[in-house]
Each structure stands twice: as structure tokens, then as C-alpha cells.
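Me: I would like to go through the terms used for a structure and ask what each one rests on. Please set each value against its cut-off.

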Amino acid sequence: MGVSRGGFSSRFGFIMAAAGSAVGLGNIWGFPTQTASNGGAAFVLVYLVLAFSLAYPAFMAELLIGRYGQANAVSSMQKIARNTWQKRFGFVVGFGGIICAALILSFYSIIAGWMMSYAIEPLARLGGFTGAADWLINHSLIRNILFTALFMGLTIFIIRRGVEEGIEKWSKRLMPMLIGLLILLIIYVFTLDGAREGFNAYLNPDISRVFEPDLLISALGQAFFSLSLGTSVMIIYGSYIAKKENLVTLGAQVTLIDVSIAFLAGLLIIPAMYVAQAQGVAIFAEDGSLISGSNLVFTVLPALFTGMGDVGLFVAFGFFVLMSIAALTSSISMLEGPVSYVVERHDTPREKATTFIGLGILVLSILIVINLEWMLDFVATLSTQYGQPIIAMLCCVFAGWIWHRSDILSEIKQGNEHVEHSLFWKIWPWYTKFVCPTAIGLVFWHSL
Ligand code: TRP
């Protein structure tokens with residue numbers, strides 16, 4: 001299987017791909033939105049702490065399981081298991097993650113489709129096609145279906161090409177573009193009236209809010225969503241990393257990039273909201289909280305762009321292209337989970353498996369589009385608020401309780417000879433065994 005599976009050809013390639021999976025709508029939309037609705041800087045602070053103290057160890061567990069197994073999520077987990085009971089457990093966790101990834105993709109592609117239609121709209125307007133431009137930003141069944149299908153088509157196109165020619169190549173192209181666009185937009189917004197007030201709201205924490213349970217829960221959920229945990233994706237990406245690489249630093253680098261991009265996105269969106277306010281756009285909802293969620297991205301920001309005149313068309317284009325890129329580098333990883341499973345376990349050619357699974361998920365997406373009012377929320381809640389935390393927790397249990405410590409050590413030592421004496425190895429094993437499952441469980445329990 002070795003040669004035909006493929007793998008990342010370079011460290012940089014892996015970092016861009018894993019960061020590409022992690023950096024998505026969750027960073028550029030979810031994080032600023034949550035920050036806005038959870039008291040600004042206090043949320044940022046809690047998020048940073050939780051991302052490194054809880055999400056990073058869980059992320060390491062998934063990467064390690066994958067690199068050890070050198071196979072899809074189910075086979076990797078089962079390779080660690082030593083008896084029938086453990087193998088069943090491994091199947092449930094691995095397969096559960098794959099289903100979870102597919103469910104997330106089914107609704108993610110709808111939202112990503114909106115991002116794409118909003119990105120094309122300014123072009124249509126520049127070209128003088130006002131009717132088409134209006135159609136692009138008005139919710140209609142046909143537009144939703146078309147753009148969801150278009151986005152899924154792009155995802156399928158990349159995954160059909162495999163790890164090196166598809167995932168790695170496109171992540172290496174798209175991620176630097178994303179970072180460049182993000183920085184350009186921040187600099188531009190910084191020069192506008194009202195931005196300073198936004199910076200203050202973003203960067204001065206109200207310490208009294210830091211220990212609010214709801215804030216903690218939202219921050220932890222956001223951190224797990226953002227690192228794509230509990231969806232088999234990091235297991236499969238881990239399986240494509242060469243044995244000579246140092247997983248401890250690679251994992252830390254990806255976490256750092258993910259957190260930094262969320263932070264940068266906040267630096268763009270929150271000040272942009274205050275700029276919009278300075279231009280007369282309402283940014284506070286009736287109950288006094290900042291407008292968040294889809295209204296923020298599809299109402300407040302477009303109103304801001306319109307207020308900028310002609311420049312606004314370019315800014316809007318840049319912003320929604322940024323969103324679309326972020327979504328695409330995430331969606332390819334979601335599709336890779338199920339595809340790698342079918343390719344390896346059912347001996348199916350990659351192209352065929354990709355097209356079939358992609359189209360299958362598209363059918364589910366269309367079903368959601370047709371029943372948008374209830375189904376979008378339902379699938380999103382099911383997969384991200386229940387599926388992800390439960391499966392991520394079970395992965396920690398698996399790594400902490402079933403996998404032998406000495407086996408973990410010999411895996412992690414490859415590419416990191418002296419890890420035995422490092423701080424990481426002093427903390428991580430018991431941390432993953434006790435702290436991570438308990439903390440995730442508690443938060444999950446509370447959120448019910
Ligand atoms: N991390 C992605 C984001 O921030 C979203 C995500 C959640 C994801 N679970 C995933 C991406 C699984 C890929 C695979 O938007």
C-alpha cells in the first residue's frame with residue numbers, strides 16, 4: 001500500500017495542509033462572531049489559553065494515532081487495539097469521525113457556496129450586470145443549489161488528485177494567498193474612521209467575564225471546531241507525515257498558525273464593525289449585544305463595503321475570496337476522511353471513490369438547502385456540538401488508556417530522539433489520560 005497511499009512531500013506541505021484544514025470559516029467567521037457576542041477581549045484570552053492547554057494535546061493524540069497507523073482513521077485505531085473489544089471501540093471512534101466529517105461537509109459547503117456567490121457579486125457589478133449581481137446576493141433555492149454544487153465540485157476536483165498533487169499542492173498555493181489577503185484587509189480597515197474603537201473593544205479584556213461558564217464552553221467548542229478535532233481528519237493527515245518529522249513541533253506550529261489566524265481575523269472583523277457603525281450601519285442588536293452570526297457576514301459587512309463606494313467593490317471581492325479560500329482548504333480535508341477510508345478498506349480507485357462520496361454528500365447538502373430553516377441548524381449542532389467533542393474525547397481515551405505508553409514513546413521518538421526528557425513527555429501522557437477527557441466531558445455535560 002505504501003507507495004500508492006502517497007504522503008506529504010515536505011514539512012512545509014504538511015503544515016500548510018493541516019493549517020489549511022484548521023483555518024476555515026471557523027476562524028474568519030466563527031471566532032470573531034463568538035468574540036463579538038461573548039464580551040470581546042475576555043473571550044480572546046480564554047480561547048488562547050484553552051487552545052493551547054486542551055485542544056493542542058488532543059490534536060497531538062490524533063496526529064500520533066495517524067502517524068503510527070499509516071492508514072485511514074479506522075485502520076489506524078484498530079492497529080493500536082489489542083483485543084476484539086478494543087478493535088470495536090476503535091472502529092466506532094474512527095468511523096464516527098468519518099461520518100462527522102461528512103456531516104460537517106454537507107452544511108459547510110452550503111455556507112461556502114454563499115461566500116463564493118458574494119465574491120462574484122462585486123465582479124458582476126463592476127461589469128455592469130446589475131441584475132445578475134442582485135441575484136447573486138439574494139437567497140434563492142436555485143442559487144443555493146448551484147453554488148453548493150460548484151463548491152463541492154472544486155473540493156472533489158482537488159481530492160481526486162490525491163495527497164501530494166491535490167491537497168498539498170493546493171494548500172501551498174491557497175494558504176499564503178489567504179494570509180496575504182487577510183493582512184492587506186486589516187491594514188486597509190485600520191486606516192478608516194472608527195477602527196480604533198473596535199481595537200479597544202477587541203483588545204481590552206473585561207477580566208470579570210473570564211470565568212463565566214458559558215464563555216468557557218463557547219471558547220472550548222470553538223477551539224475544537226477550529227482544530228478540526230474529532231473528525232478523523234487529523235488522524236488521516238498524521239498518517240501522511242514522514243517518520244523523520246518531529247510531531248511535537250509540527251503540531252505546535254499548526255496550532256500556532258490556527259490561533260494566530262483566528263486572532264488576525266478578529267483584528268479585521270471587530271474594527272470593521274465599528275467602522276460600519278461610524279458610517280451609520282447598526283452593529284448592535286436590540287438587546288444591546290453586537291450583531292453576530294450570518295447577519296454580521298451577510299448584512300453588516302456588505303453594508304460597510306457598499307458605504308465605501310467603488311473601493312468597496314474590491315474590498316468585498318477580497319474579503320469573500322478570502323472566505324472562500326479558507327473554506328476550500330478545510331473542505332478538502334473533510335472529504336479526505338471518508339475517501340481514504342473507502343479507498344483503503346474497500347480497495348476502490350481514488351477518483352471513483354472521491355466522485356461517489358462527494359456526490360453523495362452533495363445530495364445531503366441539497367436536502368439541507370431545501371429544508372434550510374431547520375435542517376442546517378440541526379446538522380450543524382449534531383456534528384459540531386455533539387459529534388466533535390464526544391469523538392475527540394474518545395480519541396484521548398484511546399490514546400491515554402488503550403495505547404501502551406512505551407509504544408507511544410517509540411512512535412513519538414521517531415523524528416524527536418530526545419523527547420523522553422522533554423517537558424512535553426513529562427506532561428502530555430497523563431494530561432491526555434486524565435485532564436483532557438475530564439475537561440471535555442465536563443464542558444460537554446454543561447452544554448447540555
Ligand atoms: N477547522 C475548520 C474551521 O475552522 C472547520 C472544521 C471543523 C473542519 N471540523 C472539521 C475542517 C473537520 C475540516 C475537517 O472552519
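Reply: The turns below take salt bridges, cysteines, a ligand and a surface patch.

Me: What kind of model is this, and how are residues numbered?

Reply: This is a predicted model, in which local features need pLDDT of at least 70, side-chain atom pairs count only at pLDDT 80 or more, and totals for chains, interfaces and linings use all residues. Residues are numbered from 1 along each chain as its sequence is written, and side-chain values use heavy atoms, with hydrogens and water left out.

Me: What makes the contact between Glu 344 and Arg 5 a salt bridge?

Reply: The term requires a side-chain nitrogen of Lys or Arg within 4 Å of a carboxyl oxygen of Asp or Glu. In the pair Glu 344 and Arg 5, the closest N and O atoms are 2.7 Å apart, so the pair meets the rule. By this rule there are twelve salt bridges.

Me: Why is the pair of Glu 344 and Arg 5 said to tie parts together?

Reply: Glu 344 belongs to helix α15 and Arg 5 to helix α1 (residues 2-5), so the pair ties together parts 339 residues apart in sequence. Helices here are DSSP runs (H or I, at least four residues), numbered from the N terminus.

Me: Are Glu 344 and Arg 5 buried or exposed?

Reply: Buried means under 20% relative accessible area, exposed over 50%, and partly exposed in between (1.4 Å probe, protein chains only). Glu 344 has 18% relative accessibility and therefore counts as buried. Arg 5, with 10%, is buried too.

Me: Why are Glu 212 and Arg 209 called partly exposed?

Reply: Glu 212 has a relative accessible area of 30%, so it is partly exposed. Arg 209 has 23% relative accessibility and therefore gets that label as well. The side chains of Glu 212 and Arg 209 meet in a salt bridge at 3.2 Å, N to O.

Me: How many disulfides are there, and why is Cys 436 not bonded to Cys 396?

Reply: The count is zero. A disulfide is a pair of cysteine sulfur atoms within 2.5 Å. The closest cysteine sulfur to that of Cys 436 is in Cys 396, 4.6 Å away, so it is too far for a bond. Cys 436 is buried, with a relative accessible area of 0%.

Me: Why is Cys 100 without a disulfide?

Reply: The closest cysteine sulfur to that of Cys 100 is in Cys 395, and it is too far for a bond because the distance is 11 Å. Cys 100 counts as buried at 3% relative accessibility.

Me: What makes the pair of Tyr 108 and the ligand a polar contact?

Reply: A polar contact is a pair of N or O atoms within 3.5 Å; within protein, one must be able to donate a hydrogen and the other to accept it, and residues adjacent in sequence count only if both atoms are side-chain atoms. An N or O atom in the side chain of Tyr 108 is 2.7 Å from an oxygen atom of the ligand, so the distance falls under the limit. A backbone N or O atom of Leu 25 lies 3.1 Å from an oxygen atom of the ligand.

Me: Where does Leu 126 lie, and why is it called partly exposed?

Reply: Leu 126 is in helix α6. At 48% relative accessibility, Leu 126 therefore counts as partly exposed.

How values were computed
Helices (H or I, at least four residues) and strands (E, at least two) are DSSP runs, numbered from the N terminus.
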